[in-house]
Amino acid sequence: MKYYYLTDDSEKSLAPFFSKMVLAASFLSVVIIVGLMFVFWPRQPLSSFMIAEKIPYTFFLIFGATLIIYCYVNLCCGCGDMIQRGYHIIKYPTDKSTFEKEIGFYHYGLIAFLLHTLILLLPFVPLLILPAAISAVSLITFLKAVSILFTASLICRLFGFMVYLFWGRMSTLGYFVARAIMILFIFGTIFFAPFINPLRLLYVMNQRLNGIGFAFVSYMVIALVAILCLSITNHILVRHNINKD
Amino acid sequence: MEYYLGFNGHFRLNSWTPITVVLENEGKPTRAKLEVIVTLGSEFRQDVYPTTYALDTDLPHNSKKRYTFTVLIKTITHDLIVRLKQNDDILISKSVNLRPLFTEKKFAIVGDLFVSPDILSVLPEYLYPVNVRPAFLPENWYGYDGVKLLIMRAAALRRLRERQFQALTRWIKMGGYLITTGGFNYGSLHDKRTQHLLPVQVLGHKRLAELPSLAHFCNHPFPAIEPFLVLHVKIDDAKVLLREKDIPIIIQKNFGIGQIGFLSFDYNRPPFSRWDGRQIFWGKILSMQQVIENQGIVVGDQKIIDTMLDTMPATFPDFRSVLVFNGVYICLLWFFLKKVRDPGKRRWRYSIYLLVMITAFTIIGYWRFFYPGTRQNFSYNSFCQLRVTGQKKVASGRYIVGLYSQKKLSYRLNFGVMPQPISAIVPKRSNRKIPHPYTLEDNYSGQRISGFLDKWTHSFYTINSTFDSPIAGHALRDSHHLTLSIDNKFPRRIINCLIYYKKRFLFIDDILAHKQQTITLKLSDLKRTEIFYEQEIEKIIDGLGIKASSSYIKTIQNNLIKNLILGIDAKYRSRPDSMVLIGWVQTGMIQPVFEQSRPLGENLTLVNWELPVGINS
């Protein structure tokens with residue numbers, strides 16, 4: 001039971017690693033990013049950028065697109081939208097309990113989410129190297145940007161799971177709340193809390209503006225605190241659910 | 001702090017000007033940076049920017065030291081600032097109002113401690129005459145940029161510091177004009193320095209009652225009030241311009257592409273100093289200076305800079321490679337995800353394959369696209385147009401270096417021990433009106449640019465200089481052949497050589513490095529070649545194989561060859577006695593050395609050699 005998240009691909013798993021839906025979503029995300037890469041690939045030679053003293057924004061555009069897609073996939077995974085559609089799910093409109101709900105969060109859900117978020121990120125990495133090369137960001141900046149993608153997605157996943165624990169998989173309210181919070185986190189924070197906005201941070205990294213180090217550390221601290229808070233909340237909700245059963 | 005600007009406080013606008021700063025320290029030992037800040041540009045055009053010239057100073061207790069700069073002053077609107085700076089603290093600063101000090105005329109300098117009071121008034125009016133103490137003459141050859149004529153007694157040469165003497169020697173070699181005399185005390189003529197410039201053999205003093213030849217020379221009467229004391233000398237390989245009873249009075253010797261004139265009488269003493277024909281005399285002397293026609297075919301700076309920008313070493317990853325990389329990756333990812341989906345033991349095996357594939361593509365992506373990109377974050381290219389005329393040992397050239405940076409960085413670019421007149425240039429295509437901040441640092445170990453580049457920006461520097469010619473040779477023609485002897489002193493071969501002779505362009509073989517070569521062309525073959533007309537340019541471009549390549553040399557050739565060919569044809573079409581050789585060398589006349597980084601770089605020199613064709617009987 002301890003490692004079910006690795007092996008189980010039944011409807012008892014919230015987002016089974018090897019489920020058709022998760023793999024298809026992952027592949028589709030990669031195809032979209034490749035497509036966007038061709039769209040955003042600089043049409044002019046490097047010298048044109050140098051003459052105009054303009055920075056190519058390929059890094060920001062591709063990383064930004066990856067952030068949105070990757071966060072959304074993780075949100076869906078956390079909400080239970082990627083659940084295997086087996087006999088029970090098709091036959092009965094009611095929710096079926098999942099391992100994530102039945103096993104202590106720190107022992108199962110958190111590990112599964114961490115692993116799965118990382119695994120979902122891996123197919124993007126070879127592609128993300130290309131826009132980083134175009135915009136001439138350093139390896140350190142590239143790794144920082146990848147870590148931003150990871151933490152942002154983990155936050156979305158944990159939040160999606162929290163919504164799932166509150167309202168269940170089938171709730172329309174839960175569906176909209178989860179997406180609204182994601183939009184608020186990725187776009188809305190630009191207006192009221194820019195220091196925690198991952199898109200802005202990616203833009204700053206593309207621009208190589210001064211103070212990237214401080215902005216990155218601030219973001220990471222806040223993101224880790226958010227992950228911690230969401231983990232504790234999820235743990236309490238899962239424990240409550242276990243005790244109730 | 002005391003400063004001495006230009007020549008006795010005067011400078012010529014748009015010319016390199018010497019400035020001497022004397023620092024006296026009566027306090028504690030101090031190490032500081034001495035800076036001269038010249039502001040260039042115009043408020044109206046909104047392109048005002050400062051150029052800083054800097055030197056490191058070391059001033060022990062109770063010391064007095066002299067430091068010299070050579071600065072380019074292009075406007076008098078802004079004050080010149082001389083300041084001593086220690087870290088961020090300004091220890092002392094002086095502001096110089098340039099308005100009352102400038103002239104647009106070239107200088108005629110009398111470089112002596114003791115001169116007759118009215119000598120300056122008899123120098124030609126189209127020059128700006130000044131008397132300069134030898135100690136304040138330039139220490140860099142291009143400090144004489146605004147000088148047309150230097151009059152100096154041989155004794156004063158001994159007073160020059162070594163750097164000053166080297167600067168003077170190089171200036172004359174590069175086309176300067178020095179008039180000297182021995183005076184009564186001819187001991188100075190035996191001095192090593194004088195002998196280096198002018199190998200004079202003194203045969204003794206002669207007393208002449210009158211100098212009718214001088215009156216005839218100037219076409220102005222010279223009444224014989226008192227006798228002349230002239231020095232009878234002999235100078236090897238020199239031309240006697242004026243002779244009186246077998247005694248040379250005015251002798252001229254070529255030195256490099258410049259000239260040194262020797263007067264056998266003392267211009268500071270009577271009867272010459274009392275003669276009313278002196279203005280005519282100096283005018284005549286100036287007219288004796290050979291006109292240096294070394295223009296060749298010049299391609300405009302902006303055209304070159306545009307081409308350099310287009311062919312900068314840094315490029316984006318090749319789109320086709322990216323297409324293949326992404327395509328293969330997508331296909332493999334699709335294959336492995338499909339395999340992973342199927343339950344069973346093979347799922348785990350394919351999962352591992354999938355991870356390996358992703359890792360492999362990450363590594364390939366890094367080495368193929370990312371790593372080359374990090375290496376080209378800072379790059380440069382340089383181009384030199386070298387013009388050689390005839391068999392002269394001095395070539396003139398315009399060197400341009402372009403620096404390109406994709407990240408914020410500071411750099412130090414060293415141009416070697418030989419000082420060069422470096423100035424920044426802004427490409428017209430760029431949105432920028434002023435260059436990025438830079439400092440020209442000069443010290444005894446060399447000259448360097450310390451500058452700063454913002455991300456995705458460029459800087460261009462230009463050096464308009466003269467060099468020791470790296471090619472020598474001659475062309476001879478008989479009734480059947482044209483023979484060209486060339487000694488190529490470049491470290492690399494001269495490639496894609498093209499000869500223009502008798503209205504025809506001909507390709508010749510590459511000229512090997514460090515080798516004396518003889519190329520013989522049959523005149524009958526030449527006659528069979530069609531006379532050049534404009535439509536033939538395409539044929540020449542095809543011959544160079546330009547279109548097939550995107551390399552630095554080929555792109556530059558592609559952009560410049562048309563202008564060059566048409567320019568050569570227009571200039572030399574009516575000169576059947578001259579031959580022009582154009583060739584390309586993949587090295588620079590100046591080798592830029594970067595002190596903190598090793599950027600990717602390419603150098604190219606275009607040789608443009610005009611050679612008279614002698615007839616071999």
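Start by selecting chain A, where buried residues make up 45% of the 245 residues. Keep in mind that this is a predicted model.

**Stop 1: chain A**

Switch to a cartoon view. Chain A shows 12 helices and 0 strands. Walk from the N terminus and each element you meet is an α, through to the last of the run. How compact is chain A? Its radius of gyration is 19 Å, close to the 18 Å that the globule rule gives for 245 residues, so chain A is as compact as a globular protein of that length. Now rotate the chain. Along its principal axes, the C-alpha trace spans about 65 × 35 × 30 Å. Next, think about contacts with a separation of 6 or more. In chain A, 79% of these link residues 24 or more positions apart.

**Stop 2: where the chains touch**

Show chain B as well. Here 40 residues of chain B are in contact with 34 residues of chain A. Which elements of chain B give two or more residues to this side? Select α6 (301-310), α7 (319-341), α8 (345-375) and β25 (457-468) of chain B. Colour α7(B) brightly: it gives the most, with 10 residues. Then colour the side of chain B that touches chain A by class. You should find 21 nonpolar, 11 polar and 8 charged residues.

**Stop 3: the domains of chain B**

Give each domain of chain B its own colour. Domain 1 covers 1-103 and domain 2 covers 105-292. Domain 3 covers 319-375 and domain 4 covers 468-615. Look across from domain 2 of chain B to domain 4 of chain B: their C-alpha centres lie 40 Å apart.

**Stop 4: an open sheet**

Select β1, β3 and β6 of chain B. These 3 strands form an open sheet in the order β1-β3-β6, with antiparallel pairing. Which strands lie at the edges? They are β1 (2-5) and β6 (63-73) of chain B, each pairing on one side only. Neighbouring strands of this sheet are turned by 20° against each other on average, direction ignored. Zoom in on β1(B) and strand β3 (residues 15-25) of chain B. They run antiparallel, joined by 4 bridges. For one bridge, pick Y3(B): its partner in β3(B) is V21(B). In general, strands of a sheet pair through backbone hydrogen bonds, either parallel or antiparallel.

**Stop 5: parallel strands**

Move to strand β12 (residues 147-153) of chain B. Is it mostly covered or mostly open? It is mostly covered, with 7 of its 7 residues buried. β12(B) pairs with β10(B) in the parallel sense over 4 bridges. Pick I109(B) and you will see L150(B) of β12(B) standing opposite. β12(B) also pairs with strand β13 (residues 177-181) of chain B, again in the parallel sense and over 4 bridges. Here R153(B) has T181(B) in β13(B) as its bridge partner.

**Stop 6: one residue, V110(B)**

Finish on V110(B), which lies in strand β10 (residues 106-110) of chain B. Is V110(B) buried or exposed? V110(B) is buried, because 23 other C-beta atoms lie within 10 Å, and 20 or more are enough to count as buried. Show the residues it touches, leaving out those up to four places away in sequence: V115(B), I119(B), L120(B), N131(B) and I151(B). Last, draw a distance from V110(B) to L123(B). They are 13 residues apart along the chain, and their C-alpha atoms are separated by 9.9 Å.

Conventions:
Residues are numbered from 1 along each chain as its sequence is written. Chains are lettered from A and ligands numbered from 1 in the order in which they are written. This is a predicted model: local features need pLDDT of at least 70, side-chain atom pairs count only at pLDDT 80 or more; totals for chains, interfaces and linings use all residues. Two residues are in contact if their C-beta atoms, placed from the backbone, lie within 7 Å. Ala, Val, Leu, Ile, Met, Phe, Trp, Tyr, Cys and Pro count as nonpolar, Asp, Glu, Lys and Arg as charged, and the others, Gly among them, as polar. A residue is buried if 20 or more other C-beta atoms lie within 10 Å of its own, exposed if 12 or fewer, and partly exposed in between; C-beta atoms are placed from the backbone. Two strands pair if DSSP finds at least two bridges between them. The radius of gyration is taken over C-alpha atoms; the globule rule is 2.2 Å times the number of residues to the power 0.38. Domain bounds come from an automatic or database domain assignment. Axes are lines fitted to C-alpha atoms, for helices over the stretch in contact, and angles run from 0 to 180 degrees between N-to-C directions.
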